[in-house]
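Notebook open, model loaded. I'm going through the chain a few residues at a time and jotting down what I look up.

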Amino acid sequence: MSECPNRERNAEKCNCPSKDCPRHGVCCECIAQHRSKGNLPMCLR
């Protein structure tokens, strides 16, 4: 996983209930993961 300089700020505003997800707060990786599975992350629903 890449470093995300905004991870803490992103995590504060993230509406995803999966707080233990390693991508929580790393929006670019979260979106890429969801797109690879053909669905949307919580923030884009």
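Is Cys 14 buried, partly exposed or exposed? I looked up its relative accessible area, got 25%, and so I put Cys 14 down as partly exposed. Note to self before going on: this is a predicted model.

**Entry: cysteines**

I wanted to know how many disulfides there are. The count came back as zero. I then checked individual sulfurs to see why. For Cys 14, the closest cysteine sulfur belongs to Cys 16 and sits 5.1 Å away, so that pair is too far apart for a bond. The cut-off I'm working with is 2.5 Å between the sulfur atoms.

I did the same for Cys 43. Its closest cysteine sulfur is in Cys 30, at 5.9 Å, and that is again too far for a bond. I found Cys 43 in the segment after α2. Its relative accessibility is 47%, so I filed Cys 43 as partly exposed. I also took a C-alpha distance from Cys 43 to Glu 3: the two are 40 residues apart along the chain and 20 Å apart in space.

**Entry: His 24**

Where does His 24 sit? I traced it to the loop that runs between α1 (7-13) and α2 (27-36). His 24 has a relative accessible area of 11%, so I marked it buried; the limit for that is under 20%.

Next I listed what His 24 touches, skipping residues up to four places away in sequence. I got Arg 7, Ala 11, Cys 14, Cys 16, Ser 18 and Lys 19. Cys 14 and Cys 16 are both on that list, and they are the two from my sulfur check at 5.1 Å.

**Entry: after α2**

I looked at Pro 41 and Gly 38 together. Pro 41 lies in the segment after α2, and I found Gly 38 in the segment after α2 as well. Which of the two labels, buried or exposed, goes to each? Pro 41 comes out at 2% relative accessibility, so I logged it as buried. Gly 38 comes out at 68%, so I logged it as exposed.

For Pro 41 I pulled the contacts, leaving aside neighbours within four places in sequence, and noted Cys 30, Ile 31 and His 34. Cys 30 had already turned up as the cysteine with the closest sulfur to that of Cys 43. From Pro 41 to Cys 27, 14 residues apart along the chain, I got 9.2 Å between the C-alpha atoms. I ran Gly 38 against His 24, which are 14 residues apart in sequence, and got 18 Å, C-alpha to C-alpha.

**Entry: whole chain**

I finished with the totals. The secondary structure is two helices and zero strands. The C-alpha trace spans about 25 × 20 × 15 Å along its principal axes. Of the 45 residues, 18% are buried. I get about 3,600 Å² of accessible surface, with 52% of it belonging to carbon and sulfur atoms.

On contacts between residues at least 6 apart in sequence, I noted that 23% join residues at least 24 apart. Last, the charges: I have 8 positive and 5 negative side chains, with the centres of the two sets 9 Å apart.

Notes
Residues are numbered from 1 along each chain as its sequence is written. This is a predicted model: local features need pLDDT of at least 70, side-chain atom pairs count only at pLDDT 80 or more; totals for chains, interfaces and linings use all residues. Side-chain values use heavy atoms; hydrogens and water are left out. Helices (H or I, at least four residues) and strands (E, at least two) are DSSP runs, numbered from the N terminus. Buried means under 20% relative accessible area, exposed over 50%, partly exposed in between (1.4 Å probe, protein chains only). Contact means heavy atoms within 4.5 Å. Accessible areas come from the Shrake-Rupley method with a 1.4 Å probe; for residues, only the protein chains shown count as cover. Lys and Arg count as positive and Asp and Glu as negative; His and the chain ends are not counted. The place of a charge is taken as NZ of Lys, CZ of Arg, CG of Asp or CD of Glu.
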